[in-house]
Amino acid sequence: MVRRREEMKVLTKTSPFGGVGNITVRDILETPEEMYQKGRVFCHTTVHAGSGIGYHVHQGESETYYILSGHGRFNDNGTITEIGPGDVLFTGDQSGHGIEAAAGEDIEMIALILYR
């Protein structure tokens with residue numbers, strides 16, 4: 001299978017999990033079946049400048065972000081860390097996180113949610 005960028009399902013989400021601004025999500029794999037029922041999200045996400053995904057807790061799953069470009073702040077269970085390109089951010093089952101892009105700079109990242 002080949003899925004070209006222009007064929008990817010693209011969604012704009014406003015204030016995800018009580019965050020601010022908008023994010024754009026491009027599905028790399030579109031269904032849990034494509035992930036052999038082992039996960040529910042594998043996508044290329046843009047957190048637009050000054051926007052963020054609000055703090056939320058994962059139940060029965062983990063989420064990993066791989067930062068491709070941009071800088072911002074990551075809330076890892078209440079600990080705030082400055083993040084940038086090449087960083088891997090992992091949030092395990094029963095843990096919470098949020099992310100904010102710096103003003104004037106988008107964060108481009110790959111997001112993967114796997115079931116426990």
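This is a short tutorial dialogue on reading features in the structure above.

User: What should I know about the model before I start?

Analyst: It's a predicted model, where local features need pLDDT of at least 70 and side-chain atom pairs count only at pLDDT 80 or more, while totals for chains, interfaces and linings use all residues. Residues are numbered from 1 along each chain as its sequence is written, and side-chain values use heavy atoms, with hydrogens and water left out.

User: How many helices and strands does the chain have?

Analyst: Helices (H or I, at least four residues) and strands (E, at least two) are DSSP runs, numbered from the N terminus. Here you get zero helices and ten strands. The radius of gyration, taken over C-alpha atoms, is 14 Å. The globule rule (2.2 Å times the number of residues to the power 0.38) gives 13 Å for 116 residues, so the chain is as compact as a globular protein of that length. The C-alpha trace spans about 35 × 30 × 25 Å along its principal axes.

User: What share of the residues counts as buried?

Analyst: Buried means under 20% relative accessible area, exposed over 50%, and partly exposed in between, using a 1.4 Å probe and protein chains only. Of the 116 residues, 41% count as buried.

User: Which way do the side chains of strand E8 point?

Analyst: In a regular strand the side chains alternate between the two faces of the sheet. In E8 (residues 88-91), Leu89 and Thr91 point to one face and are buried, while Val88 and Phe90 point to the other and are not. Val88 is in fact exposed, at a relative accessible area of 55%.

User: Which strand is E8 joined to?

Analyst: Two strands pair if DSSP finds at least two bridges between them. Strand E5 (residues 61-69) is joined to E8 by four bridges, and the two run antiparallel. Thr64 sits opposite Phe90 of E8.

User: Which residues form a nonpolar patch with Val88?

Analyst: Patches take residues with over 30% relative accessible area and no salt bridge; like charges are joined within 9 Å, nonpolar side chains (Val, Leu, Ile, Met, Phe, Trp, Tyr) within 5 Å. Val88 shares a surface patch with Tyr66 and Leu68, and together they have about 280 Å² of accessible area (Shrake-Rupley method, 1.4 Å probe, only the protein chains shown counting as cover for residues).

User: Why is the pair of Tyr65 and Phe74 edge-to-face?

Analyst: Rings of Phe, Tyr and Trp (its six-membered ring) pair if their centres lie within 6.5 Å; planes under 30 degrees apart count as stacked, over 60 as edge-to-face and the rest as tilted. That rule gives one aromatic pair. The centres of the Tyr65 and Phe74 rings are 6.4 Å apart and the planes are at 75°, so the pair is edge-to-face. Both Tyr65 and Phe74 are buried.

User: How many salt bridges does the search find?

Analyst: A salt bridge is a side-chain nitrogen of Lys or Arg within 4 Å of a carboxyl oxygen of Asp or Glu. The whole structure has six. One of them joins Arg3 and Glu34 (2.7 Å, N to O). That pair links distant parts of the chain, with Arg3 in the segment before strand E1 (10-14) and Glu34 in the loop between E2 (22-29) and E3 (39-47), 31 residues apart.

User: And how far apart are the N and O atoms of Arg40 and Glu61?

Analyst: The closest ones are 2.9 Å apart. Arg40 lies in strand E3 and Glu61 in strand E5, 21 residues apart. Arg40 is partly exposed at 41% relative accessible area, whereas Glu61 is buried at 9%. Elsewhere, shared partners join Arg3, Glu30 and Glu34 into one salt-bridge network.
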